[in-house]
Amino acid sequence: MLFLKSLIEAKKSGQKLLAILLDPDKVALTDISTIIFKIETLKADFIFVGGSLVKEGATEKLVKALKKVTNLKVVLFPGDASQITNLADTLLFMSLLSGRNPEYLINQQIKAVSKTQNSNLEIIPTAYLLIDGGKVSSVEKISNTKPISQNQEELIVNTALAGQFMGNQLVYLEAGSGAKYPVKTEIIRELTNQLQIPVIVGGGIRTQKQLESAYVSGADLVVIGTAFEENNLFLKSDKK
Ligand code: 1GP
């Protein structure tokens, strides 16, 4: 099933999905079988691949290696257009709507077009919102945009709704990789009550409790990177 369709169906049925994020610059290709074993043990539904800044060609090498050893769908979560490869299944075609930097609102997207021509990638317009997670994130540094404060709930919700009205099919609520704290459950709840499209939540989720809270508040898919990288397999029990 296509990625977006799985999210829409999961949203309808209340099933909760999990993705593990791999940064191509941090993964040693020699470890790929062990990594996949861990991801499959966690019962993750998808593998996300991306980073704020990734060496040219590293994403393609990683996706190629993943495809040899797993049937899980590989979803590109690119920091910029250079990270796009046709070997993946899905591309989150993101606009950084929390920021006001034209480079990440439209310019990288234009650069991405030539990379997606003649590909079979499932391309999903995605409203990407950077929310303050208590420390300066790589996204903030690279994009040169400020995250929205967690106190500005109305602004967060209105930004996501604007994203939906502009035709985005997904919202990604991002506290930043390695965030001190994840997006507050009240924000996730308010946002998911008002939106019709599925919501992805990521950034700073390190414990089973934080994962459950995000799901209970309405997150359809949770993305975990740092806790996985740090080998913190807190999810050993079955996810709900
Ligand atoms: C980062 O949302 C993802 O873009 C995951 O964040 O690394 O904090 O899990 P973590």
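How many residues surround the ligand, and which are the closest?

## Around the ligand

The count is 14 residues. The closest are Glu174, Ser177, Gly178, Gly204 and Thr226. Keep in mind that this is a predicted model.

What classes make up this shell? Eight of its residues are polar, five are nonpolar and one is charged. Glycine is counted among the polar residues here.

## Backbone contacts

Three glycines place polar backbone atoms by ligand oxygen atoms. For Gly178, the distance to a ligand oxygen is 2.7 Å. For Gly204, a polar backbone atom also lies 2.7 Å from an oxygen of the ligand. For Gly203, a backbone N or O atom is 3.1 Å from a ligand oxygen. Each pair is a polar contact, because the cut-off for N or O atoms is 3.5 Å.

How much of the ligand does the protein cover? On its own, the ligand has 310 Å² of accessible area, and the protein covers 96% of that.

## The pocket

The ligand takes up the space of the largest pocket. Two strands each give two or more residues to the shell around the ligand. They are strand S6, residues 170-174, and strand S8, residues 221-224.

## Aromatic pairs

The structure has six aromatic pairs. One of them joins Phe48 and Phe77. Their ring centres are 6.0 Å apart, and the planes meet at 50 degrees. That makes the pair tilted.

Where do the two rings sit in the chain? Phe48 belongs to strand S2, residues 46-49. Phe77 is in the loop between strand S3 (73-76) and strand S4 (90-96). The two residues are 29 residues apart, so the pair links distant parts of the chain.

Definitions and conventions
Residues numbered from 1 in each chain as written. Predicted model: local features only at pLDDT ≥ 70, side-chain atom pairs only at ≥ 80, totals over all residues. Heavy atoms only, no water. Near = heavy atom within 4 Å. Polar contact = N/O pair within 3.5 Å; in protein donor to acceptor, adjacent residues only side chain to side chain. Areas by Shrake-Rupley, 256 points an atom, 1.4 Å probe, with all protein chains shown as cover. 1 Å grid on protein atoms, 1.4 Å probe; cavity = no way out; pocket = protein on both sides within 12 Å on 5 of 7 lines; lining within 4 Å. Sits in = over half its atoms within 2 Å of the grid points. Helix = DSSP H or I, 4+ residues; strand = E, 2+ residues; numbered from the N terminus. Phe/Tyr/Trp six-rings, centres within 6.5 Å; stacked < 30°, edge-to-face > 60°.
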